[in-house]
Structure formats: C-alpha cells, structure tokens
2 protein chains.
Amino acid sequence: MLAMETRWLTREELAAWVRLAAVLELLPGRLDQQLRRDAELTNFEYYVLAMLSEAPERTLRMTGLAAQTNATLPRLSHVVRRLEERGLVERFPCADDARATNARLTAEGWRTVQESAPGHVATVRELVVDALTPEQVAQLKEITDALLQRLDPTGRMSDVYRRHDEPA
Amino acid sequence: MLAMETRWLTREELAAWVRLAAVLELLPGRLDQQLRRDAELTNFEYYVLAMLSEAPERTLRMTGLAAQTNATLPRLSHVVRRLEERGLVERFPCADDARATNARLTAEGWRTVQESAPGHVATVRELVVDALTPEQVAQLKEITDALLQRLDPTGRMSDVYRRHDEPA
DNA sequence: AGGCTTTAGTTGTTGCTACAACTGAACCCT
DNA sequence: AGGGTTCAGTTGTAGCAACAACTAAAGCCT
C-alpha cells in the first residue's frame with residue numbers, strides 16, 4: 001500500500017457525505033418496514049417481483065434477473081425459492097439452454113405486485129420525492145447518475161430503467 | 001386503509017428515484033467491502049469506532065452511541081461485545097447511573113481508527129465526492145438535508161455532526 | 001469423439017440484524 | 001418506606017445475505 005497524502009474532506013464535502021451516509025442508513029430500513037408491514041415482502045423481494053412484472057412474458061432468466069437487481073446468483077436463488085414456495089413465482093428450465101432457468105411471475109405474484117405498488121409509491125413520495133422541490137428532483141437525478149457511473153460503470157442496474165426514463 | 005387515488009411518479013421523478021434506489025443498493029456494499037478488506041471492519045463497526053473516537057474521553061453511553069449510529073440497543077450490544085472481544089473497545093459501568101454502561105475506545109481501537117480512516121476517506125472520495133462537481137456537492141447536501149427532515153425529524157443522527165459541519 | 005474450460009444455477013455454512021423476552025436499577029407517588 | 005412503572009442493557013432465537021463448494025450443461029479445441 002503506497003503511503004500517500006490523505007486528501008481529507010472539506011467542510012462542505014463532509015457535510016454532504018455525512019448526510020448522505022445517514023440517508024443510506026435510514027432510508028432502506030423505512031422502505032423495508034413499509035413493505036414488510038403492508039405486503040409481507042422485503043424491499044429486495046419487491047424489486048424482484050417488480051422486475052419480473054415488467055419483463056416480457058413476466059419471465060426472466062435467473063442470470064438476467066440477478067444483474068438487474070444487483071444480486072449474486074446464490075442470493076437470488078434462495079430468494080426465488082422462497083417466493084416460489086409462497087406461490088408468487090415459478091421456475092422452469094429454459095428451452096434454448098438447458099443450463100439456464102427461467103423465473104416467471106404467477107397470477108398471484110402479479111396480483112401481489114399490483115396491490116403493493118401503490119403503498120410503495122406512496123412511501124417513496126412521502127420520504128423522498130415530496131420532500132424535494134422539482135428542481136432538486138432534477139438535481140438528484142443528475143447526481144445519482146454521476147455516482148452510478150462510478151458504482152456501476154457497465155450500467156447493469158440502471159440500463160434496465162433507461163428504457164422507461166429515456167426512451168430516446 | 002383508505003383507498004385513495006395513487007399519485008404515480010412522473011417520468012422525471014421516476015428517473016431520480018430509480019437511480020437513487022440503485023445507489024442505495026450499491027454504495028453500502030462498496031463501503032463495506034473496502035473496510036472489510038483493509039481493516040477487517042464492517043461499515044457499521046467503523047462508524048461505532050469513529051463516533052467513540054470523536055467523543056470526549058473517547059467514551060459514550062450505550063444509549064447515546066445507539067442513537068448516533070441509528071442502531072437498536074440489542075444490535076449495538078452485540079456489536080460492542082464483538083469489538084470488545086477484539087480489544088478495540090472496553091465497557092464499564094457508569095458511575096452516575098448504575099443502569100447505564102459506558103463504552104470506551106481502547107488504545108488499540110484508537111490506532112485502528114487512525115489507520116483505517118485514510119482508506120475510508122479515499123473510498124468516499126472515489127465513489128462519491130470526486131464524482132461530483134462542487135456545485136453538485138452543495139446540492140447534495142441540501143437534498144439530503146431535506147430527506148433527513150423526513151427520515152429523522154428529531155435529528156438523532158445528524159445532530160451529531162452538525163457540531164462539526166455548522167459550528168454556528 | 002474426448003477432454004478441458006466456462007457458464008448457470010443450487011446447496012450448505014457462517015455471520016450479522018431484527019425481534020422478543022428477560023434482568024436489574026431508577027423514578028414516582030402516596 | 002413500599003409498589004408499580006419506566007429505563008438501560010443483555011441474552012436468546014429466527015431469518016436473510018455473503019461466501020464457498022458443488023453439479024450439470026455448453027462451448028471449445030484438437
């Protein structure tokens with residue numbers, strides 16, 4: 001490890017970082033809390049179902065689903081198994097590639113997504129969107145975009161949505 | 001549950017939220033990764049040590065430490081026990097209130113914080129601060145401030161830092 | 001065709017967090 | 001002073017995530 005001069009954070013940088021760290025600590029728990037309470041779903045499970053619900057045929061290969069949700073394959077495998085046990089998802093072998101497995105949303109899974117989406121959106125509004133001015137929302141988009149270029153340069157996660165946000 | 005019209009997110013709001021959600025998912029893992037690799041500490045353990053290192057006498061009561069780190073008391077209790085087993089922290093009963101327990105950073109704990117801070121700061125720079133323009137850093141501070149008013153209205157977490165950021 | 005490497009996914013183990021139950025000290029009230 | 005309530009913290013249990021090891025199919029190479 002090369003010993004180099006540490007560039008400490010300036011007052012302004014520290015203020016921004018400390019607040020961001022607090023948000024990082026608090027927000028996921030709140031989202032989880034609402035979903036567990038109202039839909040008996042973890043935040044991660046909700047996103048898995050949401051990704052499936054927007055996919056063609058409501059079906060995705062495990063690998064693709066893992067990329068979109070930033071999950072490792074083992075993690076996804078466990079989660080999908082539990083969702084399958086609850087009847088929200090079903091798995092079946094891929095016709096083209098016998099190594100691959102497809103996950104598909106069941107009718108009940110679809111219903112679950114429909115029912116839980118409004119509450120989830122309301123929470124996102126309450127805790128994030130409605131706390132900001134429209135100008136700040138635009139700024140937040142630019143800022144998170146910049147961060148994602150560092151965090152996820154290949155755009156595994158964000159590409160999923162770019163379809164919706166930026167059809168151009 | 002009152003059935004009310006769902007206010008869905010606009011295109012711009014969705015774009016901002018989706019990116020923020022991705023950051024929420026990716027950033028904590030990266031911070032954890034660096035600290036585990038270079039200092040054998042979780043992000044949360046690091047913050048516990050950091051809070052202690054800035055406290056008078058490098059000592060805090062468990063309850064106060066829990067508030068500053070957004071931990072429940074049981075969670076903190078487990079974490080401090082492990083840190084104590086590693087010799088980074090020591091616990092002793094509070095003289096004023098026999099119900100209370102103080103946690104104090106040991107010399108080795110202090111050394112650990114000193115050694116791991118530069119690497120942590122470098123990571124924060126790399127993934128966050130240096131990805132943004134100075135203007136964006138200022139915007140991020142305002143935005144996260146607004147979010148924290150919803151997430152943490154009493155300022156349990158953020159008050160800790162306000163001393164440093166905004167001495168006024 | 002036979003064998004090596006890569007890819008896709010599952011299964012098993014360990015560690016941490018959330019939740020609940022518990023102990024004991026402090027406070028309050030008459 | 002005595003009895004009930006609140007407060008501070010610990011301990012025990014259950015569930016999820018990270019990591020490692022494993023199985024099986026596909027691709028490649030000669």
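A residue is near a molecule or strand if one of its heavy atoms lies within 4 Å of it. In this predicted model, 19 residues are around DNA strand C, and Thr63(A), Ser77(A), Arg91(A), Thr101(A) and Ala98(B) come nearest. The points below cover that surface, one buried threonine of chain B, and the cysteines.

**Surface near DNA strand C**
- The residues of this surface divide into 7 nonpolar, 5 polar and 7 charged.
- Helix H3 (62-69) and helix H4 (73-85) of chain A, and helix H4 (73-85) of chain B, each supply at least two residues.
- H4(B) gives the most, with 5 residues.
- Sugar or phosphate accounts for 74% of the atoms of DNA strand C within 4 Å of the protein, and bases for the rest.

**Polar contacts with DNA strand C**
- Arg91(A) places a polar side-chain atom 2.6 Å from a phosphate oxygen of the strand.
- For Arg75(B), a polar side-chain atom lies 3.2 Å from a phosphate oxygen of the strand.
- His78(A) has a side-chain N or O atom 3.1 Å from a base oxygen of the strand.

**Thr144(B)**
- Thr144(B) is in helix H6 (residues 134-151) of chain B and is buried, with a relative accessible area of 2%.
- Residues of chain A that Thr144(B) touches include Ala16(A), Arg19(A), Leu20(A) and Val23(A).
- The side chain of Thr144(B) reaches the backbone oxygen of Lys141(B) at 3.0 Å.
- Thr144(B) and Val89(B) are 55 residues apart in sequence, and their C-alpha atoms are 31 Å apart in space.

**Cysteines**
- The count of disulfides over all chains is 0.
- Cys94(A) is buried, with a relative accessible area of 11%.
- Cys94(B) also counts as buried, at 11% relative accessibility.

How values were computed
Residues are numbered from 1 along each chain as its sequence is written. Chains are lettered from A and ligands numbered from 1 in the order in which they are written. This is a predicted model: local features need pLDDT of at least 70, side-chain atom pairs count only at pLDDT 80 or more; totals for chains, interfaces and linings use all residues. Side-chain values use heavy atoms; hydrogens and water are left out. A disulfide is a pair of cysteine sulfur atoms within 2.5 Å. Buried means under 20% relative accessible area, exposed over 50%, partly exposed in between (1.4 Å probe, protein chains only). Helices (H or I, at least four residues) and strands (E, at least two) are DSSP runs, numbered from the N terminus. Contact means heavy atoms within 4.5 Å. A polar contact is a pair of N or O atoms within 3.5 Å; within protein, one must be able to donate a hydrogen and the other to accept it, and residues adjacent in sequence count only if both atoms are side-chain atoms. Ala, Val, Leu, Ile, Met, Phe, Trp, Tyr, Cys and Pro count as nonpolar, Asp, Glu, Lys and Arg as charged, and the others, Gly among them, as polar. Lists of a residue's contacts leave out its neighbours within four places in sequence.
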